[in-house]
Number of protein chains: 2
Amino acid sequence: MNIYADRISQVRSLMRERGYDALVITGSDPHCSEYFSSRWCQVKYLSGFGGEAGDLVITEDHAGLWTDSRYFIAASQVLPEAGVALHKTRQVDSVMIPQWLSGKDFGEGKEGPIVIAVDGRSQSYGSVKAIDSAMKEAGREYEIVNVPDILDELWEGRPPIPQTPLITLGEDITGESRLQRLNFLRKFLLMNGYDAVLLTALDEVAWVLNVRGNDIPYNPLVISFLLVTMDEAYWFVQKEEIPPSDTESADSFDEVLEDGVQILPYADTGATIVDLMEGGEDGEGGIDKLFLDPSTLNYDLYCTLNEHALPGSLVMGGSPVPLRKAVKNPVEIEGMREAHFEDGLAMEEFLYWLEKTVQSGQRVDEWDAACYLHSRRERIDGFRGESFETISAYGPSAALPHYVTPMEDAPVLEPRGLYLCDSGGQYLFGTTDITRTVPLGPCTYEEKEDYTLVLKGHIHLAMAVFPKGTAGCQLDVLAREALWKKNRNFGHGTGHGVGFYLCVHEGPQEFRQNFNPQPLLPGMITSDEPGIYREGLYGIRHESLLLCVDGGKNEFGQWYCFEPMTLCHIDTSPVLVELLTEEERRYLNEYNAGVYSKLSGSLPEEVRVWLKKKTERL
Amino acid sequence: MNIYADRISQVRSLMRERGYDALVITGSDPHCSEYFSSRWCQVKYLSGFGGEAGDLVITEDHAGLWTDSRYFIAASQVLPEAGVALHKTRQVDSVMIPQWLSGKDFGEGKEGPIVIAVDGRSQSYGSVKAIDSAMKEAGREYEIVNVPDILDELWEGRPPIPQTPLITLGEDITGESRLQRLNFLRKFLLMNGYDAVLLTALDEVAWVLNVRGNDIPYNPLVISFLLVTMDEAYWFVQKEEIPPSDTESADSFDEVLEDGVQILPYADTGATIVDLMEGGEDGEGGIDKLFLDPSTLNYDLYCTLNEHALPGSLVMGGSPVPLRKAVKNPVEIEGMREAHFEDGLAMEEFLYWLEKTVQSGQRVDEWDAACYLHSRRERIDGFRGESFETISAYGPSAALPHYVTPMEDAPVLEPRGLYLCDSGGQYLFGTTDITRTVPLGPCTYEEKEDYTLVLKGHIHLAMAVFPKGTAGCQLDVLAREALWKKNRNFGHGTGHGVGFYLCVHEGPQEFRQNFNPQPLLPGMITSDEPGIYREGLYGIRHESLLLCVDGGKNEFGQWYCFEPMTLCHIDTSPVLVELLTEEERRYLNEYNAGVYSKLSGSLPEEVRVWLKKKTERL
């Protein structure tokens, strides 16, 4: 029996014992993070599926994994053997977990209500609420049971909650002090009449406190909760005894303490807040109105708080931090520019090495290439690791938008066709995310045409000029139009916000075929990454980060436009020039010329000469 | 004293007498219609503002009119003298009526709750609910009082509810019989477990019953409600005794009766439904679940029903009719093609006459031009009148997107600059809506540049190819991009759905900078009408109707595109060719060639020869 099928069968035994009709395990952690530490790789533990987005539902007669088009191919490679069905999300006719459960036949003649068990620690209050609403709306008789960490009893050697050294960032790097950011939250409390706000999303906590850690791969975060009242701030962060005094952490914690932030055990989060809501020992000065964001508040913590809270004392709403965090201040923008300059040098050196090495006939596989790129970034002062796992993908590998490059037996790069590299770095002064697709030798006409159409979309969006109030979903078509005209498309979003030495994916703005109303604002940094994927053949994606900037004001209103942050040339050799408009050709030439003029002075001579040629006008 | 200021002052006296702190009068009728008969021109009666969209709030110290950018200029011409302030809607920072009321200071030390009076007959349940929610959310102490037809006692000679002759349409014209459409509703009831649905929107009633009338100018509607149960259909339509037997109506009513539809007095709508909900006299077979659309159910009728309904028996939701009605069937599409063919002939004859007459030095004013166009349409068999009031606008007049051409002293057309005509016809077999902007002589560079940029947007949208699931708001940018690039814009939506011999504006799809998620579907007919408006100078708009059609299927999914329905050439003489892409130029040439080839055989010889020249390749 397949190891995963076996584990699912163990779960089913447990469910039968306890009378659960369905178990929902979400691919997330107690902070509803997109990426999470190995402790919460529960979906992977049960199904073998390791994509970044995947939720599992197990019933007596069905096990299903819900994920989006980025992972359809990867999912279909592991799920069948585990006996898990793939449920496609983000499709026009997708049936999401709440609707699926509400329409599911749990057997005729079953007595009593349907019991839906949810691992409340790994999923948001909002997502459990959605199940609740759907069941109610469908008129089902049901009960939702919270089973936090239910896998603990089956999962031998489950990793502990990580606790890595802490680093703090000064105002010279973030542009705002810890106290300024705490005051931003206090102003929010004052204006809304709340007594406290609990930050549950890890990047929000890191942003407010100007702290970073390494608790989650690629995401410089510290697993913790932050409660801010008008007078106090409580940081629930200690996972072990006391932070070891022999690491840099000790000093860093001191710095946070000096700003009046109390440091408390992570495990006590719920109990401490309940205490504060009950007014402490003397019954005075308690929290009467606590503001929480249902999209990142885990259901288990909600249950703890709700059990003791007075009616109306838990106020749910969107956290004010994401929007404020997304609009980078001038110091952050300067840091991001620096990060892109350094990252661009590393990328150009990498692409130079790649071309020379492959063309000279030396054996290089996808993994080697990723390692070489890492070695270039590693030399940069302030480099703190990749911002996500490098996708180093040659030919058919690149047809998987979120391909995982294998360490062993990775495909070898041949001097023909297209190679795609999607990577990014975390630096003390910013975060990068870049994709370049480059020819390793001769390309087919279809490869060139696809390469050009995707590039047209990339440029079209980058050149956009738009009035204040415009949302990313209203511009998304610009990145797709050239492909659509040829009846081609890509199944992922066109762009995501990028944090400042924080998560490489952040909201609230995005470019996507949805109805996200968040307007784009000057200071926001968003990726522009259309692509195309030909299963079994190749994949193409062109990605740069765009900074939204002021474009002037006139009688028609306030105008905004974009400025590319990414500094790495776009290879023009596969471009079918006749498919570009004059405007697109001019943009491409100017972009490449800009890359050369900014980077050339800092590149090794042979790379500079090579780049000069690469950036010749088309 | 200004007559409107005087009326508002009378209203204030009445409000003081009855203790109302605010009175809300919506510019609509008991069916929440966009256009309505003179009986419900209440906003105009009070403020002098006659735009199609305008809502009024009167308090002791403020009178305000809420309207959108189409009417800013018109509103600013009449409101100041009436002492009414303009509140702009559809702006990024618009404060709508509910928010305005909830934030309004009604005077310190006022005793008791704030009393908000609403004319429930002239506004939707949804809009009153929005006021209720906003007041609740703001923590105000308030009370909402329904004051249906409150103006009755002040308004001398208020027009009665109209009752015009009825006509019925056969299956050969609509493609579906009355019974088929009733069955569509009964299937909806069955699938959802409802006992009845009440149609409150007039075009929905007309569509289901295959009836038309003339109760509202330009909208071939019959003021009535339709209640459909599994076995019965009740049409609340009689405004007087009995339909006069000497008009075509008598026969038409017979036809509807023969299909098992009961005809009842309009005034009895609420009482009859209450009766049916209470199960009738024998207490059996009553309506336990009644489905209603809160967006077109008036608040007064809601109050009547709610007073007698058992909890849970009124189910609110979006009516299933608009989407089904928007997707035209093959017979309707054929009819629409025929309407556009006939309408195109009339338009070409009009444009020919216009050019010749103005250039010959004859005196023609805007009103004369509109009359001549009417005379061309009037000759068409099946013409039932304009589909909205013709906008015949020369020079600065056209800068008002919804200009009303005055019957007397209309501006005279001179042999220079641009003339804009936005008009449409109602035909027994379809509805048209077209805008053409034409030069009457030499144009300035700015006029030509604006003309070309707007045309680029019009063409860009018309050429769109897009995957299944795409909504109009996701394509809207295509119509604006060329203008945006030059920091220019227009303040109205880009396109609206058009009915089949029904309202010229219908949902649910549209092209607009909003977040309306309704996907475009084959069979939908939507206008494509970008524009630009230069106050005091000129206005430009290019409008054709687009039919959404199947664009084939491939490995990337199902594709859709558009086919222009409108048949009238676009004048190429003001076009700055160098601003068009090759693709746009090709589209324009092919469109004009198509117009010529389809219409030329049916045009008078001199018009044909002229059109041949007008449609020469650019």
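Chain A and chain B each bring 35 residues to their contact. This is a predicted model, and here is a short tour of how its two chains meet. Together they bury about 2,900 Å², with 61% of that area on carbon and sulfur atoms.

**How the copies are arranged**
- Turning chain A by 180°, with 0.0 Å of shift along the axis, superposes it on chain B with an RMSD of 0.1 Å.
- The two copies are therefore related as by a two-fold rotation axis.
- Of the interface residues of chain A, 100% are also interface residues in chain B, so the copies meet through the same surface.

**Who gets covered**
- The size of an interface is often given as the accessible area lost when the parts come together.
- On the chain A side, the residues that lose the most area to chain B are Gln474(A), Phe515(A) and Phe556(A), which together make up 24% of what that side buries.

**Charged and polar links**
- Four salt bridges are counted between chain A and chain B.
- One of the salt bridges joins Glu583(A) to Lys485(B), where the closest N and O atoms are 3.4 Å apart.
- There are also eleven residue pairs in polar contact between chain A and chain B.

**What the chain A side is made of**
- β21 (465-467), α16 (476-485), β25 (531-534) and β27 (544-554) of chain A each supply at least two residues to the side that touches chain B.
- Helix α16(A) gives the most to this side, with five residues.
- Sorted by class, the side of chain A that touches chain B has 17 nonpolar, eleven polar and seven charged residues.

Notes:
Residues are numbered from 1 along each chain as its sequence is written. Chains are lettered from A and ligands numbered from 1 in the order in which they are written. This is a predicted model: local features need pLDDT of at least 70, side-chain atom pairs count only at pLDDT 80 or more; totals for chains, interfaces and linings use all residues. Side-chain values use heavy atoms; hydrogens and water are left out. Contact means heavy atoms within 4.5 Å. Buried area is the accessible area (1.4 Å probe) that two parts lose on being put together, summed over both. A salt bridge is a side-chain nitrogen of Lys or Arg within 4 Å of a carboxyl oxygen of Asp or Glu. A polar contact is a pair of N or O atoms within 3.5 Å; within protein, one must be able to donate a hydrogen and the other to accept it, and residues adjacent in sequence count only if both atoms are side-chain atoms. Helices (H or I, at least four residues) and strands (E, at least two) are DSSP runs, numbered from the N terminus. Ala, Val, Leu, Ile, Met, Phe, Trp, Tyr, Cys and Pro count as nonpolar, Asp, Glu, Lys and Arg as charged, and the others, Gly among them, as polar. Copies are superposed by least squares on the C-alpha atoms of residues with pLDDT of at least 70 in both.
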